[in-house]
Amino acid sequence: MQQTQAAISDTQGNFSIQTIDVGKPGPGEVAVDIKASGICHTDYDSMNWDQRVVMGHEGAGIVTAIGDGVTTCDVGDKVLLNWAIPCMACPMCVRGHQNLCMTQNTVTAADPANCAAHPESTQLDGQPIYRSFAVGTMSAHTVVKEAAIIPIHVDIPWDSACIVGCGVMTGYGSAVNSGKVKAGDNTVVIGCGGVGLNAIQGCRIAGAGKVIAIDLSETRLEMAKQFGATHTIQAQRDDKGLLKAAEQVAQLCGGIGADVAVEATAVPALGAAPLAMVRSGGTAVQASGIEQEITIDMNLFEWDKVYINPLYGGCRPTIDLPILLDLYAKGELLLDEMISKQYALGDLGQAFDDMHHGRIAKGVIMFD
Ligand SMILES: [Zn+2]
Ligand SMILES: [Zn+2]
């Protein structure tokens, strides 16, 4: 057993930094020294899950030991940790929809028991404790399943590497994999937070003609330009369903609307907004996970429009995450620019506070 510091949730909305014991990797498992761990809203939510967990699901680090039968990485390798592990055997995986894996998706985040391979390998006060999404990256040392490992084959700082697997993938994949943006397409991204900025990058990298960013905030629209927006529209709070903004989009797109629009605001009232932005036959993508009941004017569907709500940007981890790393290495995918602040593990409370007050776009915990 190796002793290490970790952020532990308490099921009551709080966390504490505690010393945990981490065992050697069993068969098919890999031990990793975490170098950086991204901080996102899911981590905040994990403090209210039914069970205490080692927090954190976005991580990058160095392999320190491998268990029997591990073939895809070796000691000393730099790796990303992937929190969404498709089973590759269920009917959805067999059909190529790894992001819709039925095994993985029956594992609710609040019930980590189903996704942890070998919980005995991590102990708090002599009792096994689960790791968030079976990775638990807010811990200087962790043991994970081999399937959670994505080797890092490019030169990339730890903080930029650790964020690839969550909001970056969701935004990029919602535009490129799900929206199928192609060269010359006119595109719209509504909401320029973490997911939206990455949808903007996805549109730019796919060769979109116009990339129109819409947000309430002037600051966010400035960031949108940095990430690839060719045009910006500052939304007005009283513009119901963004119908006025949609008129501006139509004007910019030859009077017919965009080919693809991605919604990334998580505001339920804007669930139909991407439909208003696209031309007949266009594609509306709702990337922000709106699940509330809303009323939609069916005229917005006219005509021949497609509406998609992709899960995790259609991610096939072993295919898409290396692509994102390659795009970073080529200078096309901006990651360093996404990170606004680094924290020590002990400053996690401050990091959550900064996140909630909009003081940072993306925070990362650095180890050593
Ligand atoms: Zn599956
Ligand atoms: Zn995340």
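Are His57 and Cys166 buried or exposed? That was my opening note, and I found His57 buried and Cys166 buried as well. I should jot down straight away that I'm working on a predicted model.

**Entry 1: zinc ion, ligand 2**

I went to this metal since His57 and Cys166 are both on its list of protein donors. The full set I wrote down is Cys40 through SG, His57 through NE2, Glu58 through OE and Cys166 through SG. Their distances to the zinc ion (ligand 2) run from 2.1 to 2.2 Å.

Next I checked the geometry. The angles subtended by the 4 donor atoms go from 99 to 134°, so I logged the site as tetrahedral. The cut-off I leaned on is that all angles must lie between 85 and 135 degrees for four donors to count as tetrahedral. For reference, I noted that the ideal angle for four tetrahedral donors is 109.5 degrees.

Along the chain, I read the donor spacing of ligand 2 as C-x16-H-E-x107-C. I placed His57 in the loop between S4 and strand S5 (59–66) and Cys166 in helix H5 (residues 164–178), so this pair ties together parts that are 109 residues apart in sequence.

**Entry 2: zinc ion, ligand 1**

What coordinates the zinc ion (ligand 1)? I got four cysteine sulfurs: SG of Cys87, Cys90, Cys93 and Cys101, at 2.3 to 2.4 Å. The 4 donor atoms subtend angles of 103 to 119° here, which makes this arrangement tetrahedral too.

The spacing came out as C-x2-C-x2-C-x7-C. I looked at where two of these cysteines sit: Cys90 is in the loop between strand S6 (78–81) and helix H2 (91–94), and Cys101 is in the loop between H2 and helix H3 (102–106), so the pair links parts 11 residues apart in sequence. I have Cys90 and Cys101 both down as buried.

**Entry 3: Val54**

Back to S4, the strand that comes before the His57 loop. Val54 belongs to S4, which covers residues 53–54. Its relative accessibility is 1%, so I filed Val54 as buried; the cut-off for that is under 20%.

What does Val54 touch, beyond residues up to four places away in sequence? I listed Ala6, Ala7, Ile8, Ile20, Thr122, Ile129, Tyr130, Arg131, Ser132, Gly136, Met138 and Ser139. I also took one long-range distance: Val54 and Gly358 are 304 residues apart in sequence, and their C-alpha atoms are 25 Å apart.

**Entry 4: Asn177**

I returned to helix H5, where Asn177 also has its place. Setting aside neighbours within four places in sequence, I found Asn177 in contact with Met169, Tyr172, Gly313, Gly314, Cys315, Arg316 and Asp320. From Asn177 to Leu243 I got 27 Å between C-alpha atoms, for a separation of 66 residues along the chain.

**Entry 5: the second largest pocket**

How many residues line the second largest pocket? I have 13, and those nearest its centre are Ala147, Ile149, Ile150, Pro317 and Thr318. The volume is about 170 Å³.

Strand S11 (149–151) and helix H10 (317–329) each supply at least two of the lining residues. S11 gives the most, with 3 residues. Sorting the lining by class, I wrote down 8 nonpolar, 4 polar and 1 charged.

I also looked at Lys145, which lies in strand S10 (residues 141–145). At 29% relative accessibility Lys145 counts as partly exposed. Lys145 and Pro27 are 118 residues apart in sequence, yet I get 9.0 Å from C-alpha to C-alpha.

**Entry 6: backbone oddities**

Which peptide bond did I flag as cis? The one from Glu302 to Trp303, with omega near -10°. I placed Trp303 in the loop between strand S16 (278–286) and strand S17 (306–308).

Asp304 is in the loop between S16 and S17 as well. I noted a positive phi of about 60° for Asp304, although it is not a glycine. Asp304 is exposed, with a relative accessible area of 65%.

Leu242 went onto the list too, since I read a positive phi of about 60° there and Leu242 is not a glycine. I found Leu242 in the loop between strand S14 (231–234) and helix H8 (243–252). With a relative accessible area of 5%, Leu242 is buried.

Definitions and conventions. Residues numbered from 1 in each chain as written. Chains lettered and ligands numbered in written order. Predicted model: local features only at pLDDT ≥ 70, side-chain atom pairs only at ≥ 80, totals over all residues. Heavy atoms only, no water. 1 Å grid on protein atoms, 1.4 Å probe; cavity = no way out; pocket = protein on both sides within 12 Å on 5 of 7 lines; lining within 4 Å. Points joined across faces, edges and corners; volume = space filled by probe spheres on them. Helix = DSSP H or I, 4+ residues; strand = E, 2+ residues; numbered from the N terminus. Nonpolar A, V, L, I, M, F, W, Y, C, P; charged D, E, K, R; others polar. Buried < 20%, exposed > 50% of the residue type's maximum accessible area, 1.4 Å probe, protein only. Contact = heavy atoms within 4.5 Å. Donors = N, O, S within 2.8 Å, 3.2 Å for Na, K, Ca; no water. Tetrahedral: all angles 85-135°; square planar, octahedral: opposite > 155°, others 65-115°.
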